[in-house]
Amino acid sequence: MKFFIDTADMDEIREAQEMGILDGVTTNPSLMSKEEGEFEDIVREICGIVDGPVSAEVVSTDFEGMMKEARANAAIHEQVVVKIPIIREGLKAVKACSDEGIKINVTLCFSANQALLAAKAGAAYISPFLGRLDDIAHDGMELIKTIRIIYDNYGFKTEVLAASLRSPKQVMECAVAGADVATIPPDVLKKLLDHPLTDIGLERFLNDWNAWTSKKNGAAVVV
Ligand code: E4P
């Protein structure tokens, strides 16, 4: 499973990149709005840090506007994947962009039928929003599983990009469900590594090692 980080914060992206397991970045207008600077400069800087796809979202809601933005975003850097919401005009733009060779990440997906349409339109990625479904008492993980089955049934190449993740447990369950990618918030990415038994075990190993070496050193002094 590929790991993307879900942020536009340069420090967080650098920190994740240093972990050595980062495959890409997703941003959205809300994440962008937390940063200083121009959209293009931020996207370009992210591409300079990470060697992988960087999602940059359009904000137009009409076909012509989306196409204009999609071409502009794709021109920022070869790593850019354009993010387009799964609305009526968006679907048309996904098809037109895919035909032009612009890679698209279809966002704001909340149903398997939306995912099916995105794949038929040639999307490179589909982003089902797990956390936001769970927030309204639906089952986000069930959606990932259903999309996986549909895509496998017909051999769609569109990658399932599990989004809106809130916990390490969700990341693990996405891996079990066969998601191709998980885009993970920085705090959740850090939590994937932590385990109290690892910390306790390491402390015990080091204590035993130190006791053993000081015993040997002490014995050497006596001799
Ligand atoms: C996906 O690409 C989105 O940027 C993101 O995962 C949305 O997550 P949220 O529901 O926590 O805002």
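Buried, in this talk, means under 20% relative accessible area. The model I am showing is predicted. Keep the cut-off in mind for the residue I start with.

That residue is Thr107, found in strand β5. Buried or exposed, then, is Thr107? At 0% relative accessibility, Thr107 is under the cut-off and therefore counts as buried. Leaving aside residues up to four places away in sequence, Thr107 touches Glu57, Lys83, Ile84, Pro85, Ile86, Ser127 and Phe129. Remember Lys83, Ile84 and Phe129 from that list.

Next along the chain is Leu108, and Leu108 is found in strand β5 too. Leu108 has a relative accessibility of 33%, so it counts as partly exposed. Its phi is near 60°, which is a positive value in a residue other than glycine. As background, most residues other than glycine have a negative phi. Ala137 is another residue with a positive phi, near 65°. Ala137 lies in the loop between α7 and α8, and at 72% relative accessibility it counts as exposed.

Now Ile84, from the contact list of Thr107. Which residues touch the most other members of the largest nonpolar core? They are Ile84 and Ile126, in a core of 60 residues. Helix α8, residues 140–154, gives the most to this core, with six residues. There is also a second, separate core of six residues, and among them are Val81, Ala124, Tyr125 and Val181. In general, nonpolar side chains in soluble globular proteins tend to be buried together. The contacts of Ile84, not counting residues up to four places away in sequence, include Val58, Met66, Ala93, Val94, Cys97, Ile104 and Thr107.

On to helix α8 itself. α8 has 15 residues and reaches 22 Å from its first C-alpha to its last, close to the 21 Å expected at 1.5 Å a residue. At its N-terminal end sits a cap, Asp139, with a side-chain oxygen 3.2 Å from the backbone nitrogen of Met141. After α8 comes Gly155, whose phi is positive, near 65°. The buried residues of α8 are Gly140, Met141, Leu143, Ile144, Ile147, Arg148, Ile150 and Tyr151. When you look at that list, recall that an α-helix has 3.6 residues a turn, so residues three or four places apart point the same way. What do the buried residues of α8 pack against? The partners are strands β5, β6 and β7, and helices α6, α7 and α9.

One of those buried residues, Arg148, has a partner to look at. The side chain of Asp180 makes a polar contact with the side chain of Arg148, at 3.0 Å. Asp180 has its place in the loop between α9 and β8. With a relative accessible area of 24%, Asp180 is partly exposed. Its side chain also reaches the backbone nitrogen of Val160 at 2.7 Å. Beyond residues up to four places away in sequence, Asp180 touches Met1, Lys2, Arg148, Thr158, Glu159 and Val160. Asp208 is another matter: 28 residues separate it from Asp180 along the chain, and their C-alpha atoms are separated by 42 Å.

A second helix, α4, can be read the way we read α8. α4 has 14 residues and reaches 20 Å from its first C-alpha to its last, close to the 20 Å expected. Its buried residues are Gly65, Met66, Met67, Glu69, Ala70, Asn73 and Ile76. They pack against α3, β3, β4 and α5.

In the loop between α4 and β4 is Gln79. Gln79 has 16% relative accessibility, so it counts as buried. A polar atom of its side chain lies 2.7 Å from the backbone oxygen of Gly52. Gly52 is also one of the residues Gln79 touches, along with Cys47, Val50, Asp51, Pro53 and Val54, once residues up to four places away in sequence are set aside.

Last, the ligand. Which residues are around the ligand? They are Asp6, Thr26, Asn28, Lys83, Phe129, Arg132, Ala163, Ser164 and Arg166. Lys83 and Phe129 you have met already, as contacts of Thr107. A side-chain N or O atom of Lys83 is 2.6 Å from an oxygen atom of the ligand. For Asp6, a polar side-chain atom lies 2.7 Å from a ligand oxygen, and for Asn28 the distance is 2.7 Å. On its own the ligand has 350 Å² of accessible area, and the protein covers 85% of it.

Notes:
Residues numbered from 1 in each chain as written. Predicted model: local features only at pLDDT ≥ 70, side-chain atom pairs only at ≥ 80, totals over all residues. Heavy atoms only, no water. Helix = DSSP H or I, 4+ residues; strand = E, 2+ residues; numbered from the N terminus. Buried < 20%, exposed > 50% of the residue type's maximum accessible area, 1.4 Å probe, protein only. Polar contact = N/O pair within 3.5 Å; in protein donor to acceptor, adjacent residues only side chain to side chain. Contact = heavy atoms within 4.5 Å. Core = buried A, V, L, I, M, F, W, Y, C linked by side-chain atoms within 4.5 Å. Near = heavy atom within 4 Å. Areas by Shrake-Rupley, 256 points an atom, 1.4 Å probe, with all protein chains shown as cover. Expected span 1.5 Å × (residues − 1).
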